[in-house]
Amino acid sequence: MLSLLLCACCAQGQIAAIRSQFAHPPDRYKPGVYWYFMDGNMNAESIREDLEAMKRAGIGYAIFLEVNVGVPRGPVDFLSERWFSLFAYAVKEARRLGIALSLGIGPGWAGSGGPWVKGSQSMQLLVASETVISSGDTGTISLPVADPPPAFFGEDGLPADFKKARAAFYEDVAVLAFPEPAKKQRLENYQEKALFYRAPYSSGTVKPFLSTASPKETGIPLVDVVNLTDKMDRNGVLHWRPQKGKWVVMRFVSRNNGAITRPAPIPGLGFESDKMDTAALKVQLDAYVGKILRAIGPDKTTEPGGLKTLHIDSWEMSSQNWTQNFRDEFIKRRGYDPLSFYPVYYGYVLDSAQKSQRFLWDMRQTTQELIFENHAGYVKRYAQKRGMNLSIEPYDMDPTSDLDLGSIADVPMAEFWSKGYGFNTSYSVIEATSIGHIEGKTRIQSESFTADGDGWKQHPASMKNQGDWAFAAGITQFYFHTFENQFLPDSLKPGATMGPYGVHWDRSQTWWPMVDAYHRYLTRCQYVLQQGRAVADILYLTPEGCPNVFTPPPSALTGGDTIGDRRGFNFDGCTARQLMKAVVRDHRLVFPSGATYKVLVLPAVATMTPELLGQIERLTKAGAVVVGPRPAASPSLSGYPDCDVMVKGLGLKLWGEAGHSSDITWRPYGKGTIIDGGDVNRLDGMLYPDYTTVANILKKLGYAEDFVSDGPIRYTHRTNGGWDVYFVANKLNKPVDCPMQFRTVEGAPELWDAVTGKTTSLDEYQQGKQSTTIRLALQAYESRFIVFSADFSHKRIQGRTIIKSDTLVNLGTGWEVSFDPRWGGPAHIRFDTLEDWSQSREEGIKYYSGIAEYTKAFEYNGGSTGDLYLDLGDVKNMARVKLNGQTVSTLWTSPWRVDISSFLHKGANRLEIEVVNLWANRLIGDERSKGRRYTYTTARPYSADSPLLSSGLMGPVFIIKERKIQQ
């Protein structure tokens, strides 16, 4: 009891400490960027200016990557002496400025490889030629070498010498023969199940998991498969004849899978290294990361800046199913020899379809374990020995379980694309946040706002809604894609791009001088969201096996688009490997990280290994609530057929003899409960029951939803014993006013505003036994933190306070405006009324892009008491406000108003507003112009016919006074 009291006291003291740093969090909570360099186009000046621009804008992290996309090669050859010198300079400057750098473990943006990787060290596939022979054949039997399989992305990017090397490389593995079957039947989708390829899940054409279900059909007896490896000479001639009939002879060889470092700088192009062999990985790391580390010298790990992390980006090199010692590793891990099963790689059914499917399951499990241990795990150990962390984006073409691969990382990472500008990878956000919560990683990063064809259209206000979605989904640190190294002179703007890709988050943006305000918002959000642990109630168990992408039932999300939000009972996903670490406390699943769940939902698959089912039995006996169907057999051949006997027996012990009931059945087992039947078996999607079914179970168990609102509000919840923090955000581009119910009674609530950094007490609320209800008004896309703590004891008041606004001064006319002539605008002009620049008759304004300063002198003769605000009305796209020579604030999102109570003078006042728009209008104007061009960029997203974008300060502009009226 004393320890519990001490923990509660520590937690209560912690929230006071968090609040004290909320306005100005430590630098480690700042956002990051993908810092892209374009194949040899780099110089010391641009490196320094990039990093200094990041520092001024509030960027604390950068992932260094060099690619060849959309820009001709530059003068600095990749990995040349000059290149190493410049990279060392970048690290030195990052140390000076306190910016933490990450480095990909290979050239390009994905994978690990390069020109130093030989065919024998590359990603390999087990391929075979087939030759039909008969007992009557008299001539020489030459067994051909199978051609390399087609590269998933083709060979266009591979230099001629590597194409030649790929064509030449092979290593003999085995020669097997069997009687020619009467029916030429093959397993369905055997190429995918044998890992000859893994297509991108983001393409929408790939299953999240591979089923082991198969028809009850028999095939070639396994005992009829003959090993003829020693019957073939070095020239490929077979010295063997069958005694009778026709036989199929398969010559198995390993060949390169066609994956290359993409899209690497030209000198960095080469094969992807073997992901299952530490010897190959050692060569890779020494040739790339090792050389870089030797060039930059030792890092002082106590300094915040410098090279701090190695990074494995999204898996985009498809799959491999072979490595040199694969057979030995398979025997060691699975307990039987795979040799006779090799024809199953090519879809042949041996003994039975079910048995053949099980072999492929075992083969995939073996490749997964080797990738985890010899690739991701080895890189992590390599990084740790050198004082660095490892971040991983475990998704897309991953041949393993995404959740398990990501759990190896020190920092799990997702990616989400800008809505409307590319792929839907929101599933990777669900996966990364599940990994972070289960593993206790409070930094859950995301490659953020990736885009194709953005054309400088996006800006902080347009990204607010999706960014808040990512926070509510569990992301706790943004890495913007992309900050393009601006190697061109500053006179050439918008400058260099990575082709059409990225949200153009770099110092050539028009609004970069003002973006620090947005970054402060992100930093405050990330600071709070990295405290404590996430709260979720439902834990979905993924099917065993690989590949595996965790996808919850669609009904567990609201919204139905790329930014679906969580419902009242939040959820995470976990794998069998992760579940092995769980225990039960007070009928809840608890992980070593502290992650806690009220119910475990099983996938609707017929198979489960005895090891996993044994853990579920132990958890249920200890008090867990488990929802889902009884498994019938093991997916594996390991221990077969005893494994099936064990699964069937333990399944009957847990679920009983009853078949599928039309009603939900609750079966006690030990201190826990098994729930099955009825709506549990009515699936939403492929694997899990509808959210409502699980929610009703939780309610029957006595639990209330964590968050309830009839308004368009998204949320997330973090806790640490003595306090609870909810992040809530308006999903609509208009104001809302609605009640919100929070599942906590932990003290009185406070409201924290991450835009301003201010905290205020909330004294209008109602509390019940389990929850607190607050009515909250939010402006368009506005967000707040609602913080509960036993430390907060302010008294609740009766009734409700209504805010009334009175207009004191109309500032809609008579503005002096200055544009920058370098971008075609007039140095000075008077606006009698505020107007949209894109509608101006003057071309220098109509096509202007950049910052313009509005100036106005006015008299104020009102009172000095009360809250006084400057309301700017309609702004495109950001504004910095100065009043009487003092900077008040930068406005980047709704509400477009700022508190000027302490800046406004009675009598004469001078108001200055810097307003910035986007690059689009100037770029379009240059396309329409027959004379001078003001802009230069390596991409060309606009034509003369492109529509202009609204720009400038359009108002109306007022000074208003707010009054609180108690009802």
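The chain carries 107 positive and 105 negative side chains, and the centres of the two sets lie 3 Å apart, where Lys and Arg count as positive, Asp and Glu as negative, and His and the chain ends are left uncounted. Each charge is placed at NZ of Lys, CZ of Arg, CG of Asp or CD of Glu. This is a predicted model, in which local features need pLDDT of at least 70 and side-chain atom pairs count only at pLDDT 80 or more, while totals for chains, interfaces and linings use all residues. Residues are numbered from 1 along each chain as its sequence is written, and side-chain values use heavy atoms, without hydrogens and water.

**Overall fold**

- The secondary structure comes to 18 helices and 51 strands, taken as DSSP runs (helices H or I, at least four residues; strands E, at least two) numbered from the N terminus.
- The radius of gyration is 31 Å, close to the 30 Å that the globule rule gives for 967 residues, so the chain is as compact as a globular protein of that length; the radius is taken over C-alpha atoms, and the rule is 2.2 Å times the number of residues to the power 0.38.
- Along its principal axes, the C-alpha trace spans about 110 × 70 × 50 Å.

**Burial**

- Of the 967 residues in the chain, 61% are buried, meaning under 20% relative accessible area with a 1.4 Å probe and protein chains only.

**Surroundings of F792**

- F792, in the loop between β38 (783-789) and β39 (801-810), is buried, with a relative accessible area of 6%.
- The C-alpha atoms of F792 and E746, 46 residues apart along the chain, are separated by 8.8 Å.

How values were computed:
Buried means under 20% relative accessible area, exposed over 50%, partly exposed in between (1.4 Å probe, protein chains only).
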